[in-house]
Amino acid sequence: MGEQHNPMLSLRGLTRRFGGLTAVDAIDLDLARGELISIIGPNGAGKTTLFNLVTGLDRPDAGTVRFGSQDITGFSPERLAAEGIARTFQLGRVFGNLSVMDNVLIGAHTRLRAVKPAVPVIGPLLELGLALLRPSSVKAEEERLREEVKAILARFGERLLPRIDQPAYSLSYANRRRVEIARALALKPRLLLLDEPTAGMNPTETAEMQALVAELKTEGLTILLIEHKLEMVMRLSDRVIVMDEGKKIAEGPGEEVRGDPKVIEAYLGHGLSGATEESAA
Amino acid sequence: MSSWLDYTINGLIVGNVYALVAVGLALIFGVSRLINFAQGSIYLVGAYIGWVAVVQLHTPLPLTIIVVAATAAVVGLILERFGLRPLQNSVRIAPLLATIGISFVLDQLVMLTFSPNPRALPSQLPDIRFQLGGGTIGPLDLLIAGVGITSALLLFVFLRYSKLGWAVRAASQDRDAAMQMGVDVNRVNQAVFGIAAALGGVSGMLVGMYYNQIDTAMSLQATLKGVVAEVVGGAGNVPGAVIGSLLLGLVESYGVAVFGTSYRNLFAFLLLVVVLVLRPNGLFASARQAPPEPLTGTFIAPSRPVRIPRWALAVAAAAFAILPLFPVSFYVLQTLINAWLLGMLALSLTLVAGTIGQVSLGHAALLAIGAYTSALLSLALSVPVGLAVIGGGLMSAALGTLLISPSFRLRGHYVSIATLAIGEIVSLVILNWESVTRGPIGISGIPPLSLFGYDLISPTSIYWFSLVVMVALALLQGRLLTSHLGRSFRAIRDDDIAARAYGLSLNRYKSLAFIFGGFAAGVSGGIAAHLYSYINHETFNTQQSILALTVVILGGLGNVVGAIVGSVALVGLPEVFRIAAEYRILIYGVVLLLLVRFRPQGLLGTI
Ligand SMILES: Nc1ncnc2c1ncn2[C@@H]1O[C@H](COP(=O)(O)OP(=O)(O)O)[C@@H](O)[C@H]1O
Ligand SMILES: [Mg+2]
């Protein structure tokens, strides 16, 4: 199979307009299996909108998204989750009233089999019945997933494990970000999209997050990363894409992109946004 | 055909009246993303102030209009200042519940002050009709049209040319940006609530004059019609609300022309459901909009639920089970039977509103479906009563879920509107489908409860039966909450976008919640039918929906034990304190408001 030459994710001419504003403007992108690409650019450049288009939360006005060998343009987010695409959200979208354990278990939802038989029409009713009756297969599956969740949480050291039964709203900001990433990992994703995973984190926490992302990359996970902290971007990325006003203005290895006059101008042209703003926070 | 012109004129005039309500709703929605369920109550207040002015103070017409507009505006300002402003930073469900509570309090205050009997509101205009083309038009029609057009012009000038009007427009376009630019959001809210209330009050007065009758049932109808018009025009869109209103007026008027008066409301609600399904952002919506990410805060108040040990629950259940063995009065048993029936409804609503976050305002419709099904099964098909009650539960689960399914893609306030409308549709269908439901006559002679051939007639046996059924439903629901479905439901409630991104289908899980909850409510309605032996289309009404909602908030959203504790408290305490029936709804409304303000997580905490 020519899998190696087939990119995992491939965007062609992806465009999204909001009224008169073109938030994402004809973006092309190819992401190979196991590659980590960072998307940088000033605030409002259209990075998050691009993520929304890839994960089905928003639909493009033009262009296509291919994932593996399928055209997934306009697929629902539920469907894309089942295909193995997981994401985190820039502003954090944990389930506030759910415990850490339950939050991460939701991440494993697409992998439920015993309790969610793939039977058409009466499938949902079977699911209700199985959830209430709980035969041993269902109990075993739930137990196995709970063990998996603990293993995922263990990757965050002592940050989350001691708080496993606490509701997410009671966690610190940084811990909520970690829960989001744990939830994404519980999906066993083929493609992981991280939207500013270190926003609002202090240097120690950022370093920890950077180490975790590096580890995920070594494990072979394919990752698309939006990040303002340039140092982290330089260390982790195979390639960097710079967006400004919806357009891709530069692409290439980190060091090359960093010196590109267009990139410098984009950052300066928008005042001291992006990297400088983050480090001031 | 001259009558068509008459129907057109009538439709436009009624549409004008709706527009006065809908424009206020649109202004409020624009700046605070809130559907003001109390708008109809202000309309009601306007009608009664008009009555006081015309009948008691004998004010001339222009003065009447000014008095009504000014008084209603004051009510609107009070509502904003004391009802909503304190909730500015609370969870999203809080202002929604607050306007529902305020609406009930206002309606009850009007009812207690003026009695629920209809009154005549004379129009103070000469009773002549002018020929116009093939139809006729009266001075009152012209007055309504004149008031409508004048208000629209004044509003346009205000929004376009005054500084405050500019602030209102800025705030409705982007509230955060407006605040950063120094717009005083409190002043904007005040302006908007004042204007909305003045328009709503005048509208109520004009409608009272138009039909020469006012009564307290006007309130809910006005809210519903205004909301329908506003949603058809696109929530928050002021010109859209006007066009939506005229459209609604015409659709109703032509519908009445073809099918008869009793179908008027059915057309309004069908229009709403069709628009919600096909164009949830209204007929004139342009951009597809992804909802903004929630910054902090969730839909319901976060809390740590009070954990009650199992043994304590078992002891409490046992105590209630052996209660009839002691010399307690029938009155006590009767009160507790009511509490158990309400408990089943509250279990259903706490799952739907609390666990999965669909604040249903039409939950009594599920009771009605269960009651009619069970009654008809046992009467017409001679099904044993025990099985008929289960049949009622199943029918309520199936039909309720089917009816509500168009609203599954909606969020927050829209769900409440859709459920309110669907509840009305159910009671209108019951009223009009005479061949099956016996229409307004109702169903009498429903056989008593029986189990395996033994009639349950004594209060003790009915008490035990309803207690056992309620406890069984509660245990089942508790089991549901600890399954993967419990966490999936709660995840959808907390953040449906994130839930979808992790593969949770909203249709699938909302359906399952309504199926489970519909069953409990249907069983409750079925048992009630056999206890009452007579039911009609008004037996299960909005008041019960609101009572159930208050119970659920009191107990803690999603909290199974809380639903039962809340039921016992809200059924029992008024009995203990011997509060007269007409004050109870008022008290429920006040309790709801106080809870939302001071203890949003309820007694036992949200789950
Ligand atoms: N739902 C929306 N409606 C209208 N405009 C939007 C919407 N989402 C994003 N935008 C606009 O699109 C542009 C890109 O936003 P975004 O993708 O969030 O940028 P970034 O993530 O790069 O900071 C911004 O100007 C933003 O205001
Ligand atoms: Mg962003």
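**Figure 1. Gln90(A) and the magnesium site.** In this predicted model, Gln90(A) counts as partly exposed because its relative accessibility is 21%, a value that lies between the 20% under which a residue is called buried and the 50% over which it is called exposed. The OE1 atom of Gln90(A) and the OG1 atom of Thr48(A) are the protein donors of the magnesium ion (ligand 2), and they lie 2.0 to 2.2 Å from the ion. Thr48(A) belongs to helix α1 (residues 47-54) of chain A, whereas Gln90(A) sits in the loop between β6 (85-87) and α3 of that chain, so the pair ties together parts that are 42 residues apart in sequence.

**Figure 2. A salt bridge between Asp61(A) and Arg16(A).** Over all chains, the structure holds 28 salt bridges, and in one of them the side chains of Asp61(A) and Arg16(A) meet, with an N to O distance of 3.6 Å. Since Asp61(A) lies in the loop between α1 and β4 (62-67) of chain A and Arg16(A) in strand β1 (residues 9-18) of chain A, the pair ties together parts that are 45 residues apart in sequence. The partners differ in their cover: Asp61(A) counts as partly exposed because its relative accessibility is 35%, while Arg16(A), at 2%, counts as buried. Side chains of opposite charge can pair when their charged atoms come close.

**Figure 3. A salt bridge within helix α5 of chain A.** The side chains of Lys150(A) and Glu147(A) meet in a salt bridge of 3.7 Å, taken from N to O. Both residues lie in helix α5 (residues 136-154) of chain A, where they are three residues apart, about one turn of the helix. Lys150(A) is partly exposed, with a relative accessible area of 37%, and Glu147(A), at 44% relative accessibility, likewise counts as partly exposed.

**Figure 4. Arg239(A) and Glu251(A) in a salt-bridge network.** Arg239(A) forms a salt bridge with Glu251(A), and the closest N and O atoms of this pair are 2.6 Å apart. The bridge links distant parts of the chain, for Arg239(A) is in strand β9 (residues 239-244) of chain A and Glu251(A) is in strand β10 (residues 247-252) of chain A, twelve residues apart. At 22% relative accessibility Arg239(A) counts as partly exposed, and so does Glu251(A), at 32%. These two residues, together with Glu35(A) and Lys248(A), are linked in a network of salt bridges.

**Figure 5. Ile223(A) in the largest nonpolar core.** The largest nonpolar core has 245 residues, and those with the most contacts inside it are Leu192(A), Ile223(A), Phe489(B), Ile527(B) and Ile535(B). Helix α1 (residues 2-32) of chain B supplies the largest share of this core, namely 15 residues. Apart from this core lies another, of 27 residues, which includes Leu14(A), Phe75(A), Leu193(A) and Leu224(A). When residues up to four places away in sequence are not counted, Ile223(A) touches Leu31(A), Glu35(A), Leu36(A), Ile37(A), Leu192(A), Leu194(A), Val213(A), Leu216(A) and Lys217(A).

**Figure 6. The surroundings of Tyr48(B).** Tyr48(B) is found in helix α2 (residues 39-56) of chain B, and it counts as buried because its relative accessibility is 1%. If its neighbours within four places in sequence are left aside, Tyr48(B) is in contact with Val110(B), Phe114(B), Ser115(B), Asn117(B), Arg119(B), Ile214(B), Asp215(B) and Thr216(B). Asp494(B) lies 446 residues from Tyr48(B) in sequence, and the C-alpha atoms of the two are 41 Å apart in space.

**Figure 7. A nonpolar patch on the surface of chain A.** Val119(A), Val121(A), Ile122(A), Leu125(A) and Leu126(A) form a nonpolar patch on the surface, and together they have about 440 Å² of accessible area. Within this patch, Ile122(A) has its place in the loop between α3 (100-107) and α4 (123-133) of chain A, and it counts as partly exposed because its relative accessibility is 45%.

**Figure 8. Positive phi values at Ala26(A) and Lys188(A).** In Ala26(A), a residue other than glycine, phi has a positive value near 50°. Ala26(A) lies in strand β2 (residues 21-31) of chain A and is partly exposed, with a relative accessible area of 45%. Lys188(A), although it is not a glycine, has a positive phi of about 50°, and this residue is found in the loop between α6 (173-186) and β7 (191-195) of chain A.

Definitions and conventions
Residues are numbered from 1 along each chain as its sequence is written. Chains are lettered from A and ligands numbered from 1 in the order in which they are written. This is a predicted model: local features need pLDDT of at least 70, side-chain atom pairs count only at pLDDT 80 or more; totals for chains, interfaces and linings use all residues. Side-chain values use heavy atoms; hydrogens and water are left out. Patches are made of residues with over 30% relative accessible area and no salt bridge: like charges are joined within 9 Å, nonpolar side chains (Val, Leu, Ile, Met, Phe, Trp, Tyr) within 5 Å. Accessible areas come from the Shrake-Rupley method with a 1.4 Å probe; for residues, only the protein chains shown count as cover. A salt bridge is a side-chain nitrogen of Lys or Arg within 4 Å of a carboxyl oxygen of Asp or Glu. Helices (H or I, at least four residues) and strands (E, at least two) are DSSP runs, numbered from the N terminus. Buried means under 20% relative accessible area, exposed over 50%, partly exposed in between (1.4 Å probe, protein chains only). A nonpolar core is a set of buried Ala, Val, Leu, Ile, Met, Phe, Trp, Tyr and Cys residues joined through side-chain atoms within 4.5 Å. Contact means heavy atoms within 4.5 Å. Donors are N, O and S atoms within 2.8 Å of the metal (3.2 Å for Na, K and Ca); water is not among the atoms, so sites may look incomplete.
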